[in-house]
Amino acid sequence: MKKELSVALNYALNKGFQIHPNAFKFLENVDVKKLEKIIKEIVREKTKQKSYQINQDDLEVYLGIKDDQTLQNDHKILFDPTLRITTGEGVKGYNALFSSRFNKLKRIISDRPESRMLKSIASVKTAKTDDDMYVCGLVTSRSIERNITKLVLEDPSGLFEGIVFDNELQKTAGSLLNDQFIMARIGFGKNAGFIIKDLISPDVPDQTSNRSETETYAVFLSDLHIGSKYFMEEEFTEFVSWLSSPDSVARKIRFVLIGGDLVDGVGIYPNQDKELVCQTIEEQLKKVEELISKIPSYIKIFIMPGNHDPGRRALPQPAIPKKYNSGLWERENVFMVGNPAVVSLNGVKVMMFHGQSIDDIVKTTPGLSYDKPTKVMKHLLRARHLSPIYGSQTPIAPEMEDLMVIDDIPDIFHVGHVHRAELDMYKGILLLNSGSWQKQTPFQASVGMTPNPGIALMVNLKTFKVYHENYNSNILNNILQS
C-alpha cells in the first residue's frame, strides 16, 4: 500500500470510520497528491451527517468523477428580454418608452403611504391650499444657482419646477439622475413658487433574502474579452480546470453566470484589430465554445451579452444571436439570455446586468467612480431602474415597454463592465461586481482605469458567504473586503 494512502486511511480509522472494501479497491488505482486532505474533508462532512463509513461513491464525488446528487441545482429564467423586445418608431417609440417607465415606477412607489396624496402636476399648479402636496415625475433637469437647487419634473400632465433650500436635501437632489423617477413633497413659497421639502425614490425595501436549501455554489464572471491578446487565457484555463478538481468549494459549484463581454468583438474601437488574436466574431465565439466545453457538464452556464458582444448594442439587448455560433446555443448546460436578465438558482433570485449605464452615471454624479462600482449599483437600486439616463453614452432602444425597470427585487445583483471586482450589501441584497479576465489595455491605462482581473467570485447560495479564487499574483487577497 502506498505511504500516502496508508496515512490517509489511518486518519479515517482513528476517527472511528469504517472503509468499505469497494473504497479500498478504488483507491489502489487512484494517484492523487492531495489524498490525505480529501480523506479529511470526507471525514469532516460525513461526521456532520453522523455517517461513519467511507465507500466508493463518497470518493468518486470528492474526486469530481461523479456528480453529488444531494446538491440542489434547480433553475428558472424569470426574465429575459430576448423575446419581449418590441421596438417602436421615432418619437412614438420614445413616448411609449417613457410613458411605460413612468407608469411602472408610479405603481412601485404606490406602496409608500405618501402616494395616497399624489396629485398630477397640472392639478398642483392650480391648487389653492396651504397644505403640503405630493407630485411624482421624471427628472427633466437639475441645476444649482446661488446655493439653491432647481429641479424640473415631468409627468403626463406637464412640467413642474421646484426649489430645494435645505442643505441635506440638496445632497439628495444633487445625486438624482436625468430621467430618474422621483416623488416630491412640495409647498408654496412666499413668492408663489414651489418649494421641495422632501424627495422620495422608489428604492427597494429591506428584505430577507431567499436561500438555497443546500450548500450549492454559483460562480460569477464577466468581461472575459476572449479574442483579445490581453485575455488571460492561461489563467482562465487554470480556473476552468479547477472546477473539475476535488476542492471542497469546486465540488459544490452547480452554476456559472457570465455577465457580458464574453468576447472582445470586432470594430468596437479604432485600431482594435491590432489587439486581437481572433480577427472575426466567429473565431472568437469558437474559442469561447472550446473553453466552455471543459466546464463539467453538470454545471449550468448562463451567458448574457455586453457592449463588446455581437448583436444589438442598444439596451435592452437580446441574447447573442445564434447565427454567430450555434454550438453554444445547442449545449444542454448552456443558457443564452439577454441583458438584463433575472434567473432563479435554487430559489435565489439573481439579477444580471452588464452595466453599460455605469459610464453615464459616473460622469454626471459627484462622488462616484469606476473604482467603486457597488456605489453606482446602489444608485440603480434606489432608482429602481438599470439605465435611467437617456441621450448620453449608453444607447437605449425606443421599446414600447421599459424593460430596464427593476420590477422584481433580487437577492443577488450581478454587474460587470468596469473590470473591478467588488462586493457590498444593500438592504439584504448582495451586490457583486465580478471584475474581468482581461489585463489592463493601453486604452484603460491612458484614462487611468486600473482593473483587478483574474478573480473568480463564488457564492454559497445557502449562506451567502462569498469565496474567491485569485489567478492574478498582483492582486492582494483582501481586495474584495467591503
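This briefing describes the nonpolar cores, one enclosed helix and one residue near the start of the chain. The model is predicted. Its largest nonpolar core holds 37 residues, of which L221 and F239 touch the most other members. Helix 12 (residues 373-383) is largely enclosed by the rest of the structure, because nine of its 11 residues are buried.

**Nonpolar cores**
- At least two residues of the largest core come from each of strand 9 (217-221), helix 8 (233-242), strand 10 (253-259), helix 9 (281-292), strand 11 (300-304), strand 12 (334-336) and strand 18 (455-460).
- Helix 9 provides the largest share of this core, with five residues.
- Beyond its neighbours within four places in sequence, L221 is in contact with F236, F239, V256, L257, I258, G259, H414, S434, W437 and A456.
- Another core, of 26 residues, lies apart from the largest one and includes V376, M377, F413 and V418.

**Helix 12**
- The buried residues of helix 12 are P373, T374, V376, M377, K378, H379, L380, L381 and A383.
- Among the elements that cover these buried residues are helix 5 (90-109), helix 11 (358-364), strand 14 (348-353), strand 15 (412-415), strand 16 (421-426) and strand 17 (429-434).
- R384, just after helix 12, adopts a positive phi of about 55°.

**Residue E4**
- E4 belongs to helix 1 (residues 3-14).
- The relative accessibility of E4 is 49%, so E4 counts as partly exposed.
- E4 and T214 are 210 residues apart along the chain, and their C-alpha atoms are separated by 32 Å.

Conventions: Residues are numbered from 1 along each chain as its sequence is written. This is a predicted model: local features need pLDDT of at least 70, side-chain atom pairs count only at pLDDT 80 or more; totals for chains, interfaces and linings use all residues. Side-chain values use heavy atoms; hydrogens and water are left out. A nonpolar core is a set of buried Ala, Val, Leu, Ile, Met, Phe, Trp, Tyr and Cys residues joined through side-chain atoms within 4.5 Å. Buried means under 20% relative accessible area, exposed over 50%, partly exposed in between (1.4 Å probe, protein chains only). Helices (H or I, at least four residues) and strands (E, at least two) are DSSP runs, numbered from the N terminus. Contact means heavy atoms within 4.5 Å.
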